[in-house]
Amino acid sequence: MGPSVKTQTAQTPLSSGRWPATQLWPIRYKPLPDELLSCWLVRLARGHGLKVQTFCNAIFGEHLQVWNRDIDRLAPPWLLTELSIRTGTPYLVVAGTTLRTYESVLYRKFRPAGPLHWILLLKMYHRKRLGFGLQYCPTCLAEGDVPYFRKRWRVALSTVCSIHKTMLLDRCPSCEAAVAAHRIDFNRLDPLDEVPISFCHRCDFDLRTAPAAEPISYDGYSFGVLLAAGNCIDGNAAEGWTFDRYAVLHQLCRLMTARYKHVGLRGFVLEQIGARDISLTQGYVSFEMRPLAERHHLLLLTAWLMTDLEPRLHAAWQQGCVRYSVLTKDFPGSPEWYRRIVANFENWRNRFL
Ligand SMILES: [Zn+2]
Ligand SMILES: [Zn+2]
């Protein structure tokens, strides 16, 4: 819960629908640990007894639509400044609720449009979300005073809750809708007819009660590597995961489904670890667009390679399952240690030595 309501000279927006320029809001909840900007905005709106859309119109004006874009990725600096002033929250804390904080950790350089490595896509269509870009852990949602959505749940390599070690979910188990907390009160007449933020916006299923599934693992060591990679996405490199390693993990995950001629990296790993393949979405699908089960499967296979990269990649190359040209394709700025490993595969004739 945020701080208690303090008496202000005006506790509602002006007749113009806007608040006076520098006034603190009556409700000044601070972001909870790792809370997403969009979730924080919804909590602030509800704290004021307003519908999310009404609240955002009062802050930003009706001409500035917030919910038809991925606001966690695209929040402009003036919006963050406004939130900082109105809630009395340091700007850096406010900026820390956006996905831009993963710059140079998970992806090299922020850009407003186009794919960003490891950032799940919402696939916005007006205010609807067609992609399953926000995951959740039901147990995390159920803990604490209020349910809220974490920033790390927007990251494609987070497939297991790092706290509860159960699988995350990427949709409502009852109606399969994507998670979109900002849509909860769209169809409700009374903004005070409040349902928790953890309710599915389409069918009112409480996501806190979704069954938490045990994670799938093909090999304990690789699973541990995957957990460590997930633990480090907040820039905590204590377990050895920095931008370079995430970049190589991403490149190899991509090659697991690449459809180049003579590339069978996935088949090679499956055979090595004795696991069975699962059905994967066909066509050109980026890793960030794949459903959770597919990402988890591909990450486990790639983590197996990463645990002992040089000899395992060498074995794959010797069996003709991967080539130098695809290992280096679309990978500018690859780390030196990776280039050194794949340089061994430059001359295909060496396979027969
Ligand atoms: Zn959890
Ligand atoms: Zn539902």
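The following paragraphs describe the two zinc sites of this predicted model.

The zinc ion (ligand 1) takes its protein donors from Cys137 (SG), Cys140 (SG), Cys161 (SG) and His164 (ND1), which lie 2.1 to 2.4 Å from the metal. The angles among these four donor atoms run from 104 to 116°, and the site is tetrahedral. Along the chain, the donors of this ion are spaced C-x2-C-x20-C-x2-H. Cys137 belongs to the loop between β2 (128-129) and α6, and His164 to the loop between α6 and α7; the pair links distant parts of the chain, 27 residues apart. These two donor residues can also be described by their accessibility. Cys137 has a relative accessibility of 0% and therefore counts as buried, while His164, at 22%, is partly exposed.

The zinc ion (ligand 2) has Cys172 (SG), Cys175 (SG), Cys200 (SG) and Cys203 (SG) as its protein donors, at 2.3 to 2.4 Å. Its arrangement is tetrahedral because the four donor atoms subtend angles of 104 to 113°. The sequence spacing of the donor residues is C-x2-C-x24-C-x2-C. Cys175 and Cys200 both lie in the loop between α6 (138-142) and α7 (220-231), and they are 25 residues apart in sequence, so the pair ties together separated parts of the chain. Cys200 is buried because its relative accessible area is 5%, below the 20% limit. Cys203, at 30% relative accessibility, counts as partly exposed.

What is the count of disulfides? With a disulfide taken as a pair of cysteine sulfur atoms within 2.5 Å, the count is zero.

How values were computed. Residues are numbered from 1 along each chain as its sequence is written. Chains are lettered from A and ligands numbered from 1 in the order in which they are written. This is a predicted model: local features need pLDDT of at least 70, side-chain atom pairs count only at pLDDT 80 or more; totals for chains, interfaces and linings use all residues. Side-chain values use heavy atoms; hydrogens and water are left out. Buried means under 20% relative accessible area, exposed over 50%, partly exposed in between (1.4 Å probe, protein chains only). Donors are N, O and S atoms within 2.8 Å of the metal (3.2 Å for Na, K and Ca); water is not among the atoms, so sites may look incomplete. Four donors count as tetrahedral if all angles lie between 85 and 135 degrees; four count as square planar and six as octahedral if opposite donors are over 155 degrees apart and all others between 65 and 115; anything else is irregular. Helices (H or I, at least four residues) and strands (E, at least two) are DSSP runs, numbered from the N terminus.
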